[in-house]
Amino acid sequence: MVFKLLRSDVDVDDGTFNGLYSPKIRELAARHWTPVDVAKMASQYLVESSNDKVLDIGAGAGKFCLVGAACTNGRFYGVEQRESLVRISNNLAKKHDIQNVEFIHANIDQVSFEDYDAFYFYNSFYENLDQSCPIDNSILPNRDLYYTYTKYLRDQLQKMPIGTRVVTYWSGWDEIPLSFNMEYTACNGLLNFWRKSI
Ligand SMILES: C[S@@+](CC[C@H](N)C(=O)[O-])C[C@H]1O[C@@H](n2cnc3c(N)ncnc32)[C@H](O)[C@@H]1O
């Protein structure tokens, strides 16, 4: 029902969407999973043409990708370091027959960016700096990793062709190369829409 509503462009509130998850995953939503209206706005910007490939860098429990796949005609890929979350996301996609989405268990530093047209980033590496609300204890936080992953992401984006789109949510923009222009901003500056211009 949730995905039928999203496909028909009917508003779905976060409580309803998060009801797809177990209580444990639902409890993490306010801090870690993208709100539905943000995922809709971001995915509609990222998908310019049918079948554009969008990568969610740190896909969590799949919320951004699942909403994007239902609301657009793009193809969504979520890379996630926590295997348990990848399993949850893939099970939801299968259960609800969402075919334009795929979740991959990997670290972002193993991913080739040239396979994608656009990218979504919800400040995924920040868990290495702030441990006030951890997702679980399967990953050991490490300050150095924040800087290593951020540099990796910036270097990959720097190599992408002109026109590449990125949306950031709650990010400090450290990962955005100077070759990207901010085209729009929303949510009081928390949600930013970037395009590579040079
Ligand atoms: C803030 S959550 C965002 C989840 C999802 N993008 C969403 O918006 O609903 C960030 C996720 O990034 C994952 N993550 C952090 N560092 C990562 C890395 N180096 N490689 C892959 N995933 C990573 C975390 O495990 C976490 O699930």
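Which loop holds Asp97? In this predicted model, Asp97 sits in the loop between helix 7 (83-95) and strand 3 (101-105). Although Asp97 is not a glycine, its phi is positive, at about 55°. Asp97 has 7 C-beta neighbours inside 10 Å, so it counts as exposed; the cut-off for that class is 12 or fewer.

Asn51 invites the same kind of look. Its place is the loop between helix 5 (36-46) and strand 1 (53-57). Asn51 is not a glycine either, yet it has a positive phi of about 70°. Because Asn51 has 10 C-beta neighbours inside 10 Å, it too counts as exposed.

Let's step back to the whole chain. The secondary structure of the protein chain consists of eight helices and seven strands. Its radius of gyration is 16 Å, close to the 16 Å that the globule rule gives for 198 residues, so the chain is as compact as a globular protein of that length. If you lay the C-alpha trace along its principal axes, it spans about 45 × 40 × 30 Å. Of the 198 residues in the protein chain, 41% are buried. Sequence separation is worth a look as well: taking the contacts between residues at least 6 apart in sequence, 62% join residues at least 24 apart.

Now to the interior. In soluble globular proteins, nonpolar side chains tend to be buried together. Here, the largest nonpolar core has 53 residues, and Ala42, Val54, Tyr120 and Val166 are those with the most contacts inside it. You can follow Val166 outward from there: leaving aside neighbours within four places in sequence, Val166 is in contact with Ala118, Phe119, Phe121, Leu157, Ile176, Phe180 and Trp194.

Helix 6 (residues 63-71) is another good place to pause, as it is mostly covered, with nine of its nine residues buried. Among them are Lys63 at the start of the listed residues, along with Phe64, Leu66 and Val67. Two cysteines, Cys65 and Cys71, are buried in helix 6 too.

That brings us to the ligand, which is surrounded by 22 residues. The closest are Thr34, Gly58, Gly60, Gln81 and Ser124. Helix 6 returns here: helix 6 and strand 2 (75-80) are the elements that give two or more residues to the shell around the ligand. By residue class, that shell divides into 10 nonpolar, seven polar and five charged residues.

Methods: Residues numbered from 1 in each chain as written. Predicted model: local features only at pLDDT ≥ 70, side-chain atom pairs only at ≥ 80, totals over all residues. Buried ≥ 20, exposed ≤ 12 C-beta atoms within 10 Å, placed from the backbone. Helix = DSSP H or I, 4+ residues; strand = E, 2+ residues; numbered from the N terminus. Core = buried A, V, L, I, M, F, W, Y, C linked by C-beta atoms within 7 Å. Contact = placed C-beta atoms within 7 Å. Near = placed C-beta within 6 Å. Nonpolar A, V, L, I, M, F, W, Y, C, P; charged D, E, K, R; others polar. Rg over C-alpha atoms; globule rule 2.2 N^0.38 Å.
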